[in-house]
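Me: Could you walk me through a structure with me asking as we go? I'm new to this, so plain sentences please.

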Amino acid sequence: MSDPVRLEHCHGIAVITVDHPPVNALSQPVRAGLLEAVQTAARDQAVSGIVLACAGRTFIAGADITEFGRPHAEPSLARVLDALEHAGKPVVAALHGTALGGGLELAMCCSHRVAAPGTRVGLPEVKLGLLPGAGGTQRLPRLLGLDAALEAILTGRMLKVEDEAAGVVDAVLEGELTEAAVAWLQGQLAEGLTPRRVRELGVPGAEALPSGHFDAVRAQVVREAPGQVAPLQIVACLEAAATLPFEQGMNVERERFAECMRSPQSRALQHLFFAEREAAKVPDLPRETPTRVIRRVAVIGAGTMGGGIAMCFANAGREVTLIDTSESAVRRGLDVIEGNYRRSVSRGRLDEATAMARLARITPADQLAAVSEADLVIEAVYEDLVLKQRIFAELGERARPDAILATNTSTLDVDAIAAASGAPERVIGLHFFSPANVMRLLEIVRGRETADEVLATCLRLAREIGKVGVVSGVCYGFIGNRMLEGYGREAGLMLLEGAAAERIDGVITDFGLPMGPLAMGDLAGIDVGARVRAERRGAGMLPADPRYGAVHDRLADLGRLGQKTGRGVYRYAEGSRRAQPDPEVTALIASLAEDLGVGQREIDDKEILERCLFPLVNEGLRILEEGIALRASDIDVVWVYGYGFPAWRGGPLHWIEEAVGLPYLLERLRLYATLLGNEYGYWTPAPLLERLVAEGGRLADYRPGSR
Ligand code: 3HC
């Protein structure tokens with residue numbers, strides 16, 4: 001028998017234990033070991049029942065994702081499940097931790113399931129662009145009912161065995177799980193327990209479905225997950241579960257699973273699964289670097305960003321001091337936070353007691369001296385270097401000597417801010433994305449002198465507060481906002497050249513981003529961008545191109561500041577966020593174009609997409625080559641979790657490498673340089689791109705500093 005699976009005997013019960021850290025995934029040696037153990041126990045006349053449990057932190061968390069795309073290795077999971085289902089004696093799966101994907105599917109092939117308190121189960125395959133391919137789409141509806149199973153499989157959510165997933169388990173057992181499961185099985189055998197198969201059950205909720213039920217479900221799925229393959233395939237499988245005999249349903253599942261597995265979307269989502277976990281690993285940060293415990297956090301600035309950050313930490317059980325310059329300012333901030341919590345309660349996302357407990361963790365203060373108790377101080381004030389330096393100088397004196405000092409700047413020089421504190425080794429950038437309590441990305445900006453311990457603590461903390469942390473070096477805009485620049489620039493230039501705003505945004509939303517660049521500018525505030533441009537222009541950081549930002553600067557001059565004034569690039573009806581094209585803006589742009597000598601023309605969708613996204617990707621390649629990002633996949637994580645780049649495209653660099661091709665990107669950058677002119681270097685290919693294309697290298701394998 002192979003190592004990761006043990007077979008032991010306990011008073012007539014065979015106990016099979018899977019021990020394959022870290023998450024007991026169903027790798028080939030586990031499948032082989034399981035098959036042998038189940039067959040041996042099934043044949044053994046002295047064994048009256050089998051308990052299947054796992055060692056370590058969790059029950060089986062699914063198929064081994066690292067095996068996907070590799071040649072198939074026997075035995076298949078289907079063979080193992082078949083052996084379990086036909087063992088000829090009761091088989092009890094003893095669940096703890098998380099029983100996910102193939103792990104739950106395996107448990108559903110056992111005749112019974114018991115679980116430790118707090119166990120969660122789920123079929124998260126949709127998050128990998130897949131569907132449950134080992135009978136999950138056919139068995140879960142038989143245990144949970146059609147609607148609940150459909151919802152669980154479409155969202156990939158984990159469900160607790162005590163409530164939503166109560167139908168999956170026969171008993172929740174206290175005490176040492178394997179012992180409790182053995183005792184439970186012995187008790188049940190004494191009462192005449194016989195094996196039973198989930199496949200033989202009916203599907204509750206499938207009896208009297210109205211005609212067109214699944215078409216309505218499909219329409220909803222298309223609305224909620226536009227462009228995605230797996231969710232529609234899942235609906236097809238659940239429809240089969242509801243309308244066909246079990247075996248035929250399994251055939252549908254098998255075919256649909258194979259289609260999903262072949263899809264580029266699944267490869268993209270698998271890439272992201274590992275990218276997210278890889279991002280937490282920093283090559284020159286020793287694994288054993290000590291970390292500090294962060295219990296108390298002080299947030300300076302009670303505006304939208306500061307308030308969101310305070311909520312993040314309060315939600316994660318930390319005590320928060322929210323500081324602003326006056327009692328009224330901090331009160332306003334706290335009112336907004338309270339409103340957010342109340343909204344979550346009224347929408348049923350949070351219960352009242354939890355919301356109020358979280359709110360109670362936030363203490364207001366109107367003096368910077370209130371930072372004195374904090375383990376971590378996060379500054380989230382207005383984007384002004386001098387102001388931030390003044391605050392950090394004061395923090396150097398007032399914060400505890402071992403406190404971590406973080407700035408939430410989105411563009412400014414973290415090293416310059418750090419220097420002002422007099423203790424730059426304690427300073428780091430923690431760049432949250434708005435709304436900070438919702439967006440999952442946290443850019444962790446490592447300054448020149450940031451101590452390893454500070455970085456390691458922030459990486460761990462990111463995880464603890466439910467964020468995906470990505471390390472960035474110091475540069476203007478870090479990873480995300482620096483890449484945003486070319487994207488916004490070209491959107492503005494195309495407006496000037498005659499493309500309609502709604503067409504530009506439409507191309508981007510059709511591609512899968514939640515919002516186009518122009519609607520996004522209206523939301524963020526046109527004055528915000530104009531102010532940044534003015535500062536950068538003053539500092540000589542912008543090209544001497546009169547067209548650069550010209551449309552938006554003119555709109556800002558006219559007081560068309562975006563959604564907040566009801567007018568920006570678009571018009572907004574009173575109290576509405578729905579962007580409507582504005583003929584006034586079209587006329588204004590036409591006259592501006594004439595003043596600047598820019599000819600207007602029809603711009604097709606392909607050009608719109610490429611002019612928005614190719615400069616963004618090209619900048620990403622520079623960021624990678626400069627070592628600002630540690631790896632291409634980190635850049636993908638930033639864009640998916642911080643900017644809503646469609647996860648099923650894998651992030652901008654995965655997309656360019658897998659779906660577009662680096663040679664094509666290079667060719668098009670050169671073409672646009674010729675067609676549009678390259679006086680300001682907008683279309684100059686990143687040196688890394690030229691090199692990778694010349695050498696046939698892969699972006700995914702590239703590491704900064706490597707050749
Ligand atoms: N296959 C291979 N490796 C896996 C894995 C899997 N299914 N699940 C987790 N891992 C690895 C991670 O990559 C990570 O490796 P690293 O330490 O080298 O970075 C390690 O296990 C620990 O994972 P996490 O950091 O995610 O640990 P957490 O404790 O935070 O979370 C978990 C544990 C909830 C189990 C989480 O890992 C998870 O959600 N895993 C994926 C579960 C999943 O998607 N299962 C379905 C697989 S597809 C399938 O089963 C197809 C079937 O229908 C036929």
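Reply: We can take the aromatic rings and then a sheet, keeping in mind that this is a predicted model.

Me: OK, how many aromatic pairs are there?
Reply: The count comes to 12 aromatic pairs. One of them is formed by tyrosine 672 and tryptophan 683, a tilted pair with 5.1 Å from centre to centre and 40° between the planes.

Me: And why is that pair called tilted?
Reply: Planes under 30 degrees apart count as stacked and those over 60 as edge-to-face, so the 40° of this pair falls among the rest, which are called tilted.

Me: Which parts does the pair tie together?
Reply: Tyrosine 672 lies in helix α26, whereas tryptophan 683 lies in the loop between α26 and α27, so the pair ties together parts that are 11 residues apart in sequence.

Me: Are those two buried or exposed?
Reply: Tyrosine 672 counts as buried because its relative accessibility is 2%, and tryptophan 683, at 1%, counts as buried too.

Me: Switching topic, what's the strand order in the open sheet of three strands?
Reply: The order is β5-β7-β8, and the pairing is mixed. The edge strands, each pairing on one side only, are β5 and β8.

Me: In what sense do β5 and β7 pair?
Reply: They pair in the parallel sense over three bridges, and threonine 98 stands opposite arginine 120 in β7.

Me: Which helix lies across them?
Reply: Helix α3, made of residues 102-109, lies across β5 and β7 and runs at about 90° to β5.

Conventions: Residues are numbered from 1 along each chain as its sequence is written. This is a predicted model: local features need pLDDT of at least 70, side-chain atom pairs count only at pLDDT 80 or more; totals for chains, interfaces and linings use all residues. Side-chain values use heavy atoms; hydrogens and water are left out. Rings of Phe, Tyr and Trp (its six-membered ring) pair if their centres lie within 6.5 Å; planes under 30 degrees apart count as stacked, over 60 as edge-to-face and the rest as tilted. Helices (H or I, at least four residues) and strands (E, at least two) are DSSP runs, numbered from the N terminus. Buried means under 20% relative accessible area, exposed over 50%, partly exposed in between (1.4 Å probe, protein chains only). Two strands pair if DSSP finds at least two bridges between them. Contact means heavy atoms within 4.5 Å. Axes are lines fitted to C-alpha atoms, for helices over the stretch in contact, and angles run from 0 to 180 degrees between N-to-C directions.
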